[in-house]
Amino acid sequence: MTSVEPVIRCESVYKIFGANAEKMLKDANGNVDAKIFQEAGCIVGVNNASFDVSRGEMLVVMGLSGSGKSTLLRCASRLTDATSGKIYIDGQDLLSLKNKELIELRRNKMGMVFQSFALLPHKTVLENIAFPLQIKGIKTKDSVSKAMEMVKLVGLDGRENYFPRELSGGQQQRVGIARSLAVEPDIWFLDEPFSALDPLIRKEMQDEFLRLQSSLKKTILFVTHDFDEALKLADRIAIMKDGIIEQLDTPANIVLNPATEYVRKFTQEVPREKVLKIEAVMDPVADEQNLSDFKVSKDAIIETVAEKILDQEKSVPVIDSNQQVVGIIKPSKVIHVVFGNSE
Amino acid sequence: MEFINKHPKLFQWLLLLLTFFGLIFAIDVPEGYKFIRAEAEHVIVEGQSTYSFLGISVSYTYFNFLWRLPPWLGWFPIWINDVLYFFLNDWWKIDFWDSDLGDYRTRPFMLHVTRFISSTLLFFIEFIREIFIGGVKTVVAFTSWDWIDANPWAEFRGIPWTIVTAGAAILGYKLAGRGLAIFAAVTMIYISVFGQWEPSMQTLSFILVAAPVSFILGLSLGVWAYKSKKVETALSPILMVMQTMPQYAYLVPVMVLFGIGDHAGAIATIVVATPPMILLTVLGLRAVSPEIIDAGKMSGCNDFQLMLKVLIPTAKRDILIGVNQVIMVCLSMAVISSFIGAKGLGWNLLLALNRLNIGAALEAGVCITLIAVILDKLSLAWANKQTDYFTNLNFFQRYKYGLIFAGTVIIGLILAYFGSFYFKEGFNYLFEVPHNKGISNEDFWNRGVDWIWDTFFYPLKVFNTWLIVDVLQPMRAAFLRMPVVATFVLVMGAGYIIGGLRSALIVGGFTLFIALTEWWDRALVTAYMATCGVIVSSIIGVTVGTVCSQNNYSSKFILGVCDTFQTFPSFVYLIPVMMLFGVTDTAVLIAVVVYATIPATRYTVEGLRSIPPSLHDAAAMSGVTALQRLIKIDFPLAFPHIMLGINQTVVFALFMVIIGAFIGTEDLGQYILKALSDRQGAGKGLILGICVAFIGLIVDNLIRTYAEKRKKELGFN
Ligand SMILES: Nc1ncnc2c1ncn2[C@@H]1O[C@H](COP(=O)(O)OP(=O)(O)OP(=O)(O)O)[C@@H](O)[C@H]1O
Ligand SMILES: [Mg+2]
């Protein structure tokens, strides 16, 4: 049980803003209609959200502005109290924690990165990063050396004595990331961390983020309104609309099988070969003899290997990380994926 | 008809004015009505009516309701006095040990509290004062007079002025570089050389106690108001009234509660200086972005850490601007609080003005102004200073300024020591230049005043007479001639047109309060003086502001001038006008005009300068001339902001009118001053102050409502 227990678990979480939200929610009996609530002066932030995030997984919450992503994140970190529902962090009931326990949890297990960086303007880079450690009561010397380690991790060495206002947006967000990692949390919350950056820097930061995650293996709840970003980073994506999670699935499944009209609209524009891995379109092994010498990994994005596959006459074997053949892919299939809408 | 439909507001205003004047002409002055005196002085006249409320009987002369309302609040000041008296003398008596008597005594709790506050404050003031100019009271507080007699060496002689001067210069250098250092040094040398050291240090010691207390009090209340909605709703109306209440009005209640002396002055100052600090603290804390707060929480801060390590440091700028405000208020109160016994420059200034010794007044006034400017500059520099953070500094670099100061202390002591040989007879000028033993420019100024009087006597007198006879007297008569219904119609009508029923009721309520006190006529006189001042100030301010806002340099220059003038303690404005116009209404009015022009000018410049340049480009592209642009684009857009300036002008004008009572006017201020020498004055002083505050709040409500509406219509935030 313990090994498969999710790190974050939400069960029917509702967050409704307004004076008599709780009573209205009780009366509604779980059937929350945003319009009716709005007429009564309540705003529905999160509407019946349930999901699990397992250890080392990155769940990306995606949705348009006002769809309740931040609210969901704030519920999961208990920056705001959910109106109803259950939230478990490592099996611990988050909503029943006392203030002291909550603070302990944040000091040891949680880290958060914010859209507008939210650095303390009166503290230097180093002091900002050391801040959570000092709040925890760690000695100045230790916290500074730990913070220095973090500075190196995010590549800001040499700038540790700058003030936030003296840094570019990308550098400020590096500080934000370093600060959230300083206490070595298990759970990492990121609320649109790259939205305030310009496209080039954003791409650079995304790559760096992936590099960090590949070594840190944190459990991540990541919020974005950029579908491309979600596809690029996510293990799984939750698409939200008006507080409701419309679909929660792997990037490939979301692109291939959109659950609702709303999700389909998002996926229409997406070039599939850029998103899908070979694994998603491969066929089972049929004829072991008639295969090309060229092999592709099941985790390769189609676009990156398409040209090579098309050069082959025979079917191309697909292998996993142990060099075992797990499937085949025909050049014609690649043509379908890239140009056709056969499926 | 079409015209009415097109300009409904204009039509409403016309209708309102018609009704107003109609009422004035329709209602005659009742027979036997004596303006001002008949109502205000408690002369028992035959045929008076009386009523009794809460056991307090009030007698008054009855007039037509439409002409003047009966003083149905006449009991209020007396009731306040009774309540104060009860709390001070009869409520909750407790026993305490009197060490002088060597026995237990009973004393009411409140008296205990006020005595305790008084003696604590007094101790700190004396303590700081004795550091600067020497004394034994602090030492005595810990020992006894006998002990001091036996050990004369323990008497501290104060720090030589050279060291204080060097300290000020070093502080100036550390905070803002060479310019401020030189300015600080020159100022301190001036003060010393001209023999004003002792009173200046007395004033300074008083400020050094009042300012930190106001700061801490304001910060704590601000934090509390930020955290609790209830506290904020309770505080905000009180703060609003306090901010428009003339400073005189606090003197009497403070005097009743705390007696007379430096501590009483300090308390009055604290009461006046705390509200702006509270407001700025709340403002600053509210401006902290919610993400920063979330970041603090996610870093694991508890409530206390969040406030101390995240919120307050992030709101630092606003809070430090609050500190600057506190210091400015303290200096302007330095004079006013000497009415209840605060020693120092303010005291000297008052004495000199009372004796009409303009020269001596100017000497003190210049010193107060200089101290104000220095403290203003130092505190602003501190607010804007960014802490340098370098990790590897050696001992000498880190404590550079401390070490330099230590050096100057030694040099100063050596100088003073040698001075004691050199100036064997009389005074050691390297230690302290005694009061009135420095170079005095008093005679110079006095001769200057005489010269002005001799040379310009005739034109000044002609101007004075013309102004009083042809302008002020008729205006005053016109104001007093207003029947009370007419006033109500005008004020509430304006409120209704501008802000609807809600506004009308609010301003009507304020007016009703004033009308039901026994000082309606006085209030009219205050209103008349303020109106005159506001009209002239607004014309001058808006004109000057408009002209100066036409280019960058003149804008900056005029804003600088405004800044400087604003640091002058308000009382100081009375000196030059008395010098020129003597003890007349003209003098007060000129002071009002000068003082109240500052905000009008500042807001005009700010309003005109803040118009987005893209609009100017658009205007230029459609071929508009500069004048057309000013009239058609700039003014309409800047108008709401300029109106807020006029609002400030009204508040400034009211303050100065009340302060002008010192010269001698016949308005509410005069009564507030009179209440100072009245044993039953506390209630009166307070109610009179509230009346003035309400006059200000009526205008404030109208203008603010208008400006906010207009800004919304224009799409500003
Ligand atoms: N404190 C609050 N009080 C009332 N309503 C709120 C509050 N916070 C959020 N909301 C409302 O809840 C809804 C969801 O807001 P939320 O901030 O979660 O959206 P979001 O998906 O994060 O949008 P964005 O991409 O703009 O950040 C919005 O309609 C918002 O107006
Ligand atoms: Mg958001």
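Me: In this predicted model, which residue with a positive phi follows α3(A)?
Reply: Most residues other than glycine have a negative phi. The residue that comes after α3(A) has a positive phi, near 55°. That residue is A:Arg78.

Me: How many of the residues of α3(A) are buried?
Reply: A residue counts as buried when its relative accessible area is under 20%. The residues of α3(A) that meet this limit include A:Lys69, A:Leu72 and A:Ala76. The helix is mostly covered, and the count of buried residues is 6 of 8.

Me: Which side-chain contact does A:Lys69 make with ligand 1, and at what distance?
Reply: A:Lys69 is one of the residues that surround ligand 1. The contact runs from a polar side-chain atom of A:Lys69 to an oxygen atom of the ligand. Polar contacts are N or O pairs within 3.5 Å, and the distance here is 2.8 Å.

Me: What share of the surface of ligand 1 does the protein bury?
Reply: The starting value is the area that ligand 1 exposes when taken alone, 630 Å². The part of this area that the protein buries is 59%.

Me: Which elements of chain A give two or more residues to the shell around ligand 1?
Reply: The shell includes A:Ile43 and A:Gly45, as well as A:Lys69, A:Ser70 and A:Thr71. One of the elements in question spans residues 43–53 and the other spans 69–76. They are β2 and α3.

Me: Which element gives the largest share of that shell?
Reply: By class, the shell has 3 nonpolar, 7 polar and 2 charged residues. The element with the largest share contributes 3 residues. That element is α3(A).

Me: Where does the backbone of A:Gly66 stand relative to ligand 1, in Å?
Reply: A:Ser67 offers a backbone N or O atom 3.2 Å from an oxygen atom of ligand 1. A:Gly66 also takes part through a polar backbone atom, and its distance to an oxygen atom of the ligand is 2.8 Å.

Me: How many residues are in the largest nonpolar core?
Reply: The residues with the most contacts inside this core come from chain A, such as A:Phe51 and A:Phe189, and from chain B, such as B:Tyr248 and B:Phe571. Leaving aside neighbours within four places in sequence, A:Phe51 is in contact with residues including A:Ile8, A:Leu72 and A:Leu248. Another core lies apart from the largest one and has 62 residues, among them A:Phe222 and A:Val270. The number of residues in the largest core is 230.

Me: Is A:Ser12 buried, exposed or partly exposed?
Reply: A:Ser12 is found in strand β1 of chain A, residues 8–17. Its phi is positive, near 45°. Partly exposed means between the limits of 20% and 50%. The relative accessible area of A:Ser12 is 33%, so the residue is partly exposed.

Me: What is the phi of A:Asp90?
Reply: A:Asp90 lies in the loop between β4 and β5 of chain A. With a relative accessible area of 22%, it is partly exposed. A:Asp90 is not a glycine, yet its phi is positive, near 50°.

Me: Is B:Asn324 buried or exposed?
Reply: B:Asn324 lies in helix α16 of chain B, residues 316–336. Beyond its neighbours within four places in sequence, B:Asn324 is in contact with B:Asp376, B:Ser379 and B:Leu380. Its relative accessible area is 8%, so B:Asn324 is buried.

Me: How far apart in space are the C-alpha atoms of B:Ala523 and B:Phe479?
Reply: B:Ala523 is found in helix α23 of chain B and counts as buried at 5% relative accessibility. Its contacts, leaving aside neighbours within four places in sequence, are B:Ile514, B:Leu668 and B:Ile695. B:Ala523 and B:Phe479 are 44 residues apart in sequence, and their C-alpha distance is 10.0 Å.

Me: What share of the residues of chain A count as buried?
Reply: Chain A has 15 helices and 13 strands. Its accessible surface comes to about 16,600 Å². Of its 343 residues, the share that counts as buried is 50%.

Conventions: Residues numbered from 1 in each chain as written. Chains lettered and ligands numbered in written order. Predicted model: local features only at pLDDT ≥ 70, side-chain atom pairs only at ≥ 80, totals over all residues. Heavy atoms only, no water. Near = heavy atom within 4 Å. Polar contact = N/O pair within 3.5 Å; in protein donor to acceptor, adjacent residues only side chain to side chain. Areas by Shrake-Rupley, 256 points an atom, 1.4 Å probe, with all protein chains shown as cover. Helix = DSSP H or I, 4+ residues; strand = E, 2+ residues; numbered from the N terminus. Nonpolar A, V, L, I, M, F, W, Y, C, P; charged D, E, K, R; others polar. Core = buried A, V, L, I, M, F, W, Y, C linked by side-chain atoms within 4.5 Å. Buried < 20%, exposed > 50% of the residue type's maximum accessible area, 1.4 Å probe, protein only. Contact = heavy atoms within 4.5 Å.
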